[in-house]
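Subject: Structure handover, helix packing and cavities

Hello,

Here is the structure for your files. Please open it alongside this message and read the two together.

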Amino acid sequence: MTSIFNDLLFLLKKFKEKGSDVFHEVKRSSQFKVIEMEIASVRNPGFFIKSKSKEKLTYWLERDEEKLSFFLNLYNFLILFGLCKYGGLYFPKTQLEWSSFANLVALKVGDNIYSAAEIEHGILRAVMANPNIPSASLEGAPVYPKFGELDTRRSFAYKKKEPLLCFALYRPTISSPSLRVYVPKKVKAQMKNNCARYLDKTIKLTKDKSTLVLPSLLDWYSEDFTKSKTTTNYVFFLQGHLSKDSLRQIKSFEQKYVRFAEYNWGFMFDYVEDK
């Protein structure tokens, strides 16, 4: 999986100067056709990937870190591969469109098929609450699939709550956390680093120091890391995940108001390469 992911990342980095046309350029390249040879197309836009049998996969993903890094990479790969497969003809621009896209693109892993949405909500967020996105109700209801008791895919569900999960799932948009390839030995540290990098970039303090402007992800996924949406709870969370420079900035915050910036769905490719 990681090898194919790295091949795709090489192409995305190669053509990133093309901006939003990057997916069109990747699709046209001969290297992308090589990637497609390893992934047999079975429906548009669903894809199969050759993988281990369920028994071998269960043994291979026995440790939490292995399972977490594998499915994070699989989700991020699937989102990017699906956009490349479309060749730039379709790019979601709302939460509902992204939810629909994530429910359509799928891969076969072992003996089962997983959509990107099922990877996120049925595996990685199996024991976590669904995101709370108020604006979605105006467009329609996003589908957040969970696996039933008889669903064999449930055996791969991540059994722990991972409060930094939303900072590890990537969408090539301006308001998304960065993309990176996760490895089992460093996955928790990588997620923490990605969280700090994202928060440092997105948190703002108004000139009068009365209002802390936070990214909308902290509103949508607040139940992942706090029991209630209070200013005190948000500040407490930030104190454990910001860099020292950003911590100095919010120390002057008078803790009066918190507001959330609107999510920017515009295209941006932001990849962090771990050394």
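Below are notes on three helix pairs and then on the cavities. The model is predicted.

**Helix α1 against α5**

Helix α1 covers residues 2-14 and helix α5 covers residues 64-86. Their axes come within 10 Å and cross at roughly 45°. Angles under 35 degrees count as roughly parallel and those from 65 to 115 as roughly perpendicular, and α1 and α5 are therefore oblique to each other. The crossing of α1 past α5 is left-handed. On the α1 side the contact residues are T2, I4, F5, L8, L9 and L12, and they meet N73, N76, F77, L80, F81 and C84 of α5. Sorted by class, this contact has nine nonpolar and three polar residues, with no charged residues.

**Helix α1 against α3**

Helix α3, residues 30-38, also packs with α1: the two axes come within 10 Å and cross at roughly 160°. An angle over 145 degrees counts as roughly antiparallel, so that is how α1 and α3 are described. Here too α1 makes a left-handed crossing, this time past α3. The residues that α1 supplies are I4, D7, L8, F10, L11 and K14, and their partners in α3 are Q31, F32, I35 and E38. The α1 and α3 contact comprises six nonpolar residues, one polar residue and three charged residues.

I4 and L8 of α1 appear in both sets of contacts, meeting residues of α5 and of α3.

**Helix α5 against α7**

The axes of α5 and α7 lie 9 Å apart, and the packing angle is about 155°. α5 and α7 are therefore roughly antiparallel to each other. Their crossing is left-handed. From α5 the contact takes L68, F71, L72, L74, Y75, L78 and I79, and from α7 it takes A116, I119, E120, I123 and L124. By class there are eleven nonpolar residues and one charged residue, with no polar residues.

**Cavities**

How many cavities of 30 Å³ or more does the structure hold? There are three.

The largest cavity encloses about 140 Å³ of space. Its lining is formed by Y75, E120, R125, C166, L169, R171, S176, P177, L217, W220, Y221 and Y263. That lining has eight nonpolar, one polar and three charged residues. Y75 and E120, which line this cavity, also belong to the contact between α5 and α7.

The second largest cavity holds about 80 Å³ of space. It is lined by 14 residues, of which S99, E120, H121, Y144 and R171 are the closest to its centre. The elements giving two or more residues to this lining are α6 (95-104) and α7 (116-124). α6 provides the largest share, five residues. By class, the lining of the second largest cavity has eight nonpolar, four polar and two charged residues.

E120 and R171 are worth finding on screen: both line the largest cavity, and both are among the residues closest to the centre of the second largest cavity.

Regards

Definitions and conventions
Residues are numbered from 1 along each chain as its sequence is written. This is a predicted model: local features need pLDDT of at least 70, side-chain atom pairs count only at pLDDT 80 or more; totals for chains, interfaces and linings use all residues. Side-chain values use heavy atoms; hydrogens and water are left out. Axes are lines fitted to C-alpha atoms, for helices over the stretch in contact, and angles run from 0 to 180 degrees between N-to-C directions. Helices (H or I, at least four residues) and strands (E, at least two) are DSSP runs, numbered from the N terminus. A crossing is left-handed if the near helix is turned anticlockwise from the far one by less than a right angle, and right-handed if clockwise. Contact means heavy atoms within 4.5 Å. Ala, Val, Leu, Ile, Met, Phe, Trp, Tyr, Cys and Pro count as nonpolar, Asp, Glu, Lys and Arg as charged, and the others, Gly among them, as polar. On a 1 Å grid over the protein atoms alone, a cavity is a set of points where a 1.4 Å probe fits but cannot get out, and a pocket is an open set with protein on both sides within 12 Å along at least five of seven lines; lining residues have an atom within 4 Å of a point. Grid points are joined across faces, edges and corners, and a volume is the space filled by probe spheres set on the points.
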